[in-house]
Every structure is written in C-alpha cells, then in structure tokens.
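Biologist: I'd like to go through this one label by label, and hear what stands behind each of them.

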Amino acid sequence: MESNMNLKDKVAIVTGGNSGIGLAIVLELARQGANIVIDYIAHPEATEDLEKQVHALGDKVIGVMADVSRVDQLQNLVDAAVKEFGRVDIMVNNAGVETRTSVLDTTEQQFEKVMNINLKSAFFGTQLAARQMIKQGGGGRIINITSVHEDWPMPGNTAYCLSKGGMRMLTRTAGVELAPHNILVVGVGPGAVATPINLVTMNDPALLKKLDDAIPLGRMAKPEEIAKVVAFLAGDGATYITATTIFADGGIMQSSPGL
Ligand SMILES: NC(=O)c1ccc[n+]([C@@H]2O[C@H](COP(=O)([O-])OP(=O)(O)OC[C@H]3O[C@@H](n4cnc5c(N)ncnc54)[C@H](O)[C@@H]3O)[C@@H](O)[C@H]2O)c1
C-alpha cells in the first residue's frame, strides 16, 4: 500500500464509479485513505469487484445503485454516505454520457438524456452534497469531471459540449456561492482518456492514430492520470483552488483546432 494517506477517514461519493475514470478515482481516493460510496447504474458485478479492491486497500466502501439524473436518487447517495460513514467530505460528479450527434440531428430525447445525466446530476449533486457539508460543518470538496469540451467545440457532439459548458459555469458560480462555507468546487477537464466511452476510436487504428497525432504528449491519458488530479484536488495540497477547472489534456487544447 502507498504511504500517502492524505485523505485518511474522509468520505467520498463517486458517481458513475464502477468504470473508466470513475473506477480509477474510487481506487485512488481509497489508496489515499478515503471511505467511498460507489454510485453505479449498471454492472453490479463490476461494483462488487471494485468493493473488494477497496476493502483490500483497508478502506470502507458501499456500492449504491442510483440514477444520477434523478434528484431523489442523488439524495439516496448522500443519505447512504451519512448512514454508513457519518458524513460527506468529497463529492465527485463523474457520471456522463454522450450521443455523438450534431445540432441538426439531435432528438429531444437525446438532448434531455445528455443534459440530465451530465449537467442536472452535477447541479443537484453539488446542491445536495453542499447542504450536507454545511450541516456537518468544516467545508468540503466538490469535483466536477467536465472535459476540454467545457470550452472547446466538438462538432458532431453538440449536446455533450453544452452539458460540459454548463458544468463549467456550475463550477464557477457554485464555487463562488459556496466559498464562505469553505466548500471548494473545482472542475477537472480531461482530454482523451482510454475508457469505455472512447471504444469506437480505440478500436479503429486509423482514428486512434489521428487522435494520438493531435495530442502533444502523443497518447490518450490513462484513467489513473485523471484520478490522481482528482485526489490532489480533494486533499491538503489544494486548499486554495476553487471556482475553476484544471485541465489534464496532454496539451491538446493548445495545439489542435478541433478534431
Ligand atoms: N474518456 C474520455 O476521453 C473523457 C474525456 C473528458 C471527459 N470525460 C468524462 O469523464 C466522465 C467519465 O467517463 P468515462 O470516460 O470514464 O466513461 P464511462 O462510460 O466508463 O463512464 C461513465 C459512467 O457513467 C455511468 N452512468 C451513465 N449514466 C448514468 C446514470 N444515469 N446514473 C449513474 N451513472 C451513470 C456509466 O454507467 C459509467 O459508469 C464522464 O463525465 C465523461 O464525460 C471522459
């Protein structure tokens, strides 16, 4: 086990926590000593496997099935954290989906799905976690997993960009509103990360090469590289960062006109 126990006995909720970036965040926060509520919507067996890995790191963990696009189910996550572990110190709004559809062909249903799972969930996840943090006192951290596309157009994925742009302003506005409570709200903006959301690109050598060539560091990020940024923002080294986004994108926003 690593000796860095920066987050010893902190309690974290990670939405969309049993795959990809969320899974890596669960493991990194646990490695640093946090107890975790893993939110998931599918694949209970993946959650059970992850719970075992967290236990093996010496931390407490529960998996809770909750659809983050529903406010009552987000409240269930906060309630489960308080019931099991007594508090919430870190809320990671990570769950997200995309439709890869343009402004011309996105349906109302696709639009609502993306906005509800990505943005509505982050808004109410922030609200409900912050209410609990204020009740218990002592501040807290809310970390929104946004994207380079909070700022950077992705033609052919319009609703996704809108949702991430909304998370950008949520982070900034809620960060200012909650600062008097010492609740820090920060976005983490990944570039391209090797996770299930990118399987189409990862399974197509030509598309993958085009992507790698566009990234100054020459490769997609590993989920662990994003998780370490989240753990930093949740810990003692990040007491003065709020209402902003930290990008971890291999330099792509500075070098490519869009993909
Ligand atoms: N992979 C990338 O290149 C990349 C880049 C930038 C940002 N992101 C963001 O990172 C986050 C995690 O994505 P990922 O790459 O790990 O992909 P992923 O598909 O593995 O993770 C998304 C998770 O959200 C969960 N989810 C979907 N709908 C849900 C709902 N209604 N309630 C609860 N959970 C739900 C999924 O089950 C899944 O576990 C997303 O917000 C995504 O937009 C990813």
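Modeller: Let's start with helix 1, which is mostly covered, with 10 of its 12 residues buried. A word on ground rules: this is a predicted model, where local features need pLDDT of at least 70 and side-chain atom pairs count only at pLDDT 80 or more, while totals for chains, interfaces and linings use all residues. Residues are numbered from 1 along each chain as its sequence is written, and side-chain values use heavy atoms, with hydrogens and water left out.

Biologist: Which residues of helix 1 are the buried ones, and what does "buried" mean?

Modeller: Buried means under 20% relative accessible area, exposed means over 50%, and partly exposed is in between, using a 1.4 Å probe and protein chains only. In helix 1 the buried set is Gly-20, Ile-21, Gly-22, Ala-24, Ile-25, Val-26, Leu-27, Glu-28, Leu-29 and Ala-30. The helices themselves are DSSP runs of H or I with at least four residues, strands are runs of E with at least two, and both are numbered from the N terminus.

Biologist: How do you know that the span of helix 8 (residues 223-234) agrees with its number of residues?

Modeller: The expected span is 1.5 Å times one less than the number of residues. For the 12 residues of helix 8 that gives 16 Å, and the end C-alpha atoms are 17 Å apart, so the two agree. Helix 1 tells a similar story: it reaches 17 Å from its first C-alpha to its last, close to the expected 16 Å.

Biologist: What covers the buried residues of helix 8?

Modeller: Helix 1 (20-31), strand 4 (90-93), strand 5 (140-145), strand 6 (183-190) and strand 7 (244-248) are among the covering elements. The residues being covered are Pro-223, Ile-226, Ala-227, Val-229, Val-230, Ala-231, Leu-233 and Ala-234.

Biologist: On to the strands: what order do the seven strands of the open sheet take?

Modeller: The order is 3-2-1-4-5-6-7, and the pairing is parallel. Strand 3 (61-65) and strand 7 stand at the edges: each has a single partner strand, so one side of each has no neighbour in the sheet. From one strand to the next, the twist averages 20 degrees.

Biologist: What makes strand 5 and strand 6 a pair?

Modeller: Two strands pair if DSSP finds at least two bridges between them. Strand 5 and strand 6 run parallel and are joined by six, so they pass. Within that sheet region, Ile-143 stands opposite Val-186 in strand 6. Helix 1 packs on the sheet, touching strand 1 (11-14), strand 2 (35-40), strand 4, strand 5 and strand 6, and its direction makes about 170 degrees with that of strand 1. A contact means heavy atoms within 4.5 Å, and angles run from 0 to 180 degrees between N-to-C directions of axes fitted to C-alpha atoms, for helices over the stretch in contact.

Biologist: Why is strand 2 called largely enclosed?

Modeller: Six of its six residues are buried, so the rest of the structure largely encloses strand 2. Both faces are covered: Asn-35, Val-37 and Asp-39 on one side, Ile-36, Ile-38 and Tyr-40 on the other. Strand 2 also runs parallel to strand 1, with four bridges between them, and Asn-35 is the bridge partner of Val-11.

Biologist: What makes Ser-147 count as buried?

Modeller: Its relative accessibility is 4%, so Ser-147 falls under the 20% limit. Ser-147 is in the loop between strand 5 and helix 5 (158-178), and a polar atom of its side chain lies 2.8 Å from the backbone nitrogen of His-149.

Biologist: And why is Asp-72 called partly exposed?

Modeller: Asp-72 has a relative accessible area of 42%, so it sits between the two cut-offs. Asp-72 lies in helix 3 (residues 71-85).

Biologist: What makes the link between the side chains of Asp-72 and Arg-70 a polar contact?

Modeller: A polar contact is a pair of N or O atoms within 3.5 Å; within protein, one must be able to donate a hydrogen and the other to accept it, and residues adjacent in sequence count only if both atoms are side-chain atoms. The side chains of Asp-72 and Arg-70 are joined at 2.9 Å, so the distance fits.

Biologist: Which residues are closest to the ligand?

Modeller: Ser-19, Ile-21, Tyr-160, Thr-195 and Asn-198, out of 28 surrounding residues; a residue is near if one of its heavy atoms lies within 4 Å. An N or O atom in the side chain of Thr-195 is 2.5 Å from a ligand oxygen, and a polar side-chain atom of Lys-164 is 3.0 Å from an oxygen of the ligand. The side chain of Asp-67 has an N or O atom 2.8 Å from a ligand nitrogen.
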